[in-house]
Amino acid sequence: MLPAPTPDALAHSQRVTAHLRALIDAAGGWISFAQFMEAALYAPGLGYYAAGAMKFGAAGDFVTAPEMTPLFGRTLAHAIAPVLAETDGEVLELGAGSGRLAVDVLGELARLDALPARYCILDVSADLRARQQDTLARELPQLAERVHWLDALPAHFSGVILGNEVLDALPVALVHWTEDGPLSRGVIVEGDAFAWHDRPIDDPLLRARAHALSLAPGYLSEINLAADALTASLAQLMDRGVILMIDYGFPANEYYHPQRHMGTLRAHYRHHALDDPFYLPGLCDLTAHVDFSAVARAGLAAGLALAGYTSQASFLLNSGLTELLMQTPPTDAAAYLPQANAVQRLVSPAEMGELFKVIGFVKGGIAPLAGFARGDRRHSLL
């Protein structure tokens with residue numbers, strides 16, 4: 001049984017639904033799923049990430065790695081500190097959530113005497129930006145002046161770009177492969193509800209990608225052109241440094257495996273994963289797993305070099321996660337056990353350790369990252 005929304009939350013969802021219906025009407029009765037997902041998540045003042053609902057943590061809809069333990073951010077700080085020293089660069093975090101990761105990364109960089117002059121955050125949500133500012137002012141006031149919020153990507157950047165669970169929240173195209181070729185699956189209004197409707201693909205780039213996959217009739221899956229575009233944009237602005245993206249997903253041969261013939265699109269509501277992306281619009285997060293092969297190809301085409309690709313478990317363990325955990329004495333059970341349990345979730349193959357991957361790109365001749373020293377699987381991407 002799913003938790004019932006409060007009256008205020010239900011009223012908000014009804015406003016989001018009305019907005020989506022208006023978009024469909026204005027477009028002549030049909031919009032692509034990518035347009036639907038973008039509005040449901042990001043419509044100003046209405047979308048899931050643009051309104052004020054609690055999203056992160058036990059009271060929200062899901063728990064991200066930074067919310068589980070500060071050791072996640074502290075380990076990432078150790079991974080990126082050599083790059084910051086080598087480039088004398090800055091940090092740019094994309095989609096910074098509650099601000100928890102920024103607090104933990106900055107705090108550990110301070111302990112390592114490796115602070116960048118600036119820690120920049122780019123987040124499209126005004127609501128989340130306000131939460132990030134509150135979190136940093138409360139928990140790291142001595143470093144808050146180093147944090148700057150950006151309204152757009154900078155023209156040039158050197159240092160480290162971080163994105164934790166960013167790619168999975170970008171709007172995806174849904175494609176239905178049929179006997180007559182691939183079709184674009186979009187959304188119509190049918191009575192009082194949203195419904196699916198397929199049309200020929202009019203975007204030549206999407207059409208080319210769908211034909212290149214050559215999937216059997218009956219497949220329904222996602223193609224994330226927005227992830228390709230973001231990767232290309234980051235490549236263009238990067239002068240020298242590293243891009244690290246952490247997310248759940250697979251290389252293409254696993255992503256489009258027959259066992260996933262119905263795709264990976266999910267709605268997340270109060271710690272429940274749902275197959276229905278039309279459930280309570282505005283109150284559900286909508287996500288799709290990441291096709292890391294496509295991301296890798298986009299980065300290489302844009303002039304980046306592939307620094308590595310591995311599981312989250314391998315990257316964190318290679319970067320010193322276990323050593324950081326052991327700084328808390330196991331004899332202090334009250335302090336040690338919660339951190340050990342969180343670390344187990346981060347690295348266990350049955351939890352986040354294998355499903356979540358880390359892909360790294362480099363530009364400008366940066367030394368190899370320790371996080372990819374063992375268990376690098378970049379050969380599986382291309």
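This report describes the cores, two helices, the strand pairings and several individual residues of a predicted model.

## Nonpolar cores

The largest nonpolar core of the model comprises 52 residues, and I80, Y119 and L244 have the most contacts inside it. Helix α4, which spans residues 70-87, supplies the largest share of this core, with nine residues. A second core, separate from this one, has 43 residues, including V16, Y49, V187 and F194.

The surroundings of I80 can be given in detail. Leaving out residues up to four places away in sequence, I80 touches V91, V105, L109, V160, L162 and L244.

## Helix α1

Helix α1 covers residues 7-26, and its 20 residues should span 28 Å at 1.5 Å a residue; the end C-alpha atoms are 29 Å apart, which agrees. The buried residues of this helix are H12, S13, V16, L20 and I24. Seen down the axis of α1, these buried residues fall within an arc of 120°, so they line one face of the helix. In general, an α-helix has 3.6 residues a turn, so residues three or four places apart point the same way.

The face of α1 turned away from the buried side carries P7, D8, Q14, D25 and A26, which are exposed. The buried residues are covered by elements that include β1 (31-32), α2 (33-42), β7 (181-190) and β8 (193-200). One of the buried residues of α1, V16, is also included in the second core. After α1 comes G28, with a positive phi near 90°.

## Helix α13 and residue T69

Helix α13 is formed by residues 333-347. Its 15 residues reach 20 Å from the first C-alpha to the last, close to the 21 Å expected at 1.5 Å a residue. Y336, Q339, A340, A342, V343, L346 and V347 are the buried residues of α13. They cover an arc of only 165° around the axis, which puts them on the same side of the helix. On the other side of α13, A334 and N341 are exposed. The buried residues pack against α3 (65-68), α4, α11 (312-318) and α12 (321-325).

T69 is located in the loop between α3 and α4. With a relative accessible area of 1%, T69 is under the 20% limit and is therefore buried. Apart from residues up to four places away in sequence, T69 touches D104, Q339, A342 and L346. Of these contacts, Q339, A342 and L346 are among the buried residues of α13.

## Strand pairings

Strands β3 (residues 119-122) and β4 (residues 147-150) run parallel and are joined by four bridges. I121 has W149 of β4 as its bridge partner. Between these strands, the chain passes from β3 through helix α6 (residues 126-139) to β4, in a β-α-β crossover that is right-handed.

Strand β11 (residues 266-269) is joined to strand β13 (residues 285-287) by three bridges, and the two run antiparallel. H268 stands opposite D285 in β13. Three bridges also pair β11 with strand β12 (residues 272-274), again in the antiparallel sense. Here, Y269 has H272 of β12 as its bridge partner. The hairpin of β11 and β12 has two residues between the strands, and R270 takes a positive phi near 50° in this hairpin.

## Residue L274

L274 lies in strand β12. Its relative accessible area is 13%, under the limit of 20%, so L274 counts as buried. Without its neighbours within four places in sequence, L274 is in contact with L2, R266, A267, Y269 and Y279. L274 and V358 are 84 residues apart in sequence, and their C-alpha atoms are 25 Å apart in space.

## Positive phi in two loops

D88 is not a glycine, although its phi is positive, at about 50°. D88 lies in the loop between α4 and β2 (90-94). The relative accessibility of D88 is 72%, over the 50% limit, so D88 counts as exposed.

L280 also is a residue other than glycine with a positive phi, near 40°. L280 is placed in the loop between β12 and β13. L280 is buried, with a relative accessible area of 14%.

Key:
Residues numbered from 1 in each chain as written. Predicted model: local features only at pLDDT ≥ 70, side-chain atom pairs only at ≥ 80, totals over all residues. Heavy atoms only, no water. Core = buried A, V, L, I, M, F, W, Y, C linked by side-chain atoms within 4.5 Å. Buried < 20%, exposed > 50% of the residue type's maximum accessible area, 1.4 Å probe, protein only. Contact = heavy atoms within 4.5 Å. Expected span 1.5 Å × (residues − 1). Arc of directions from axis to C-beta. Pairing = 2+ DSSP bridges. Right-handed = clockwise from strand over helix to strand, strands pointing away.
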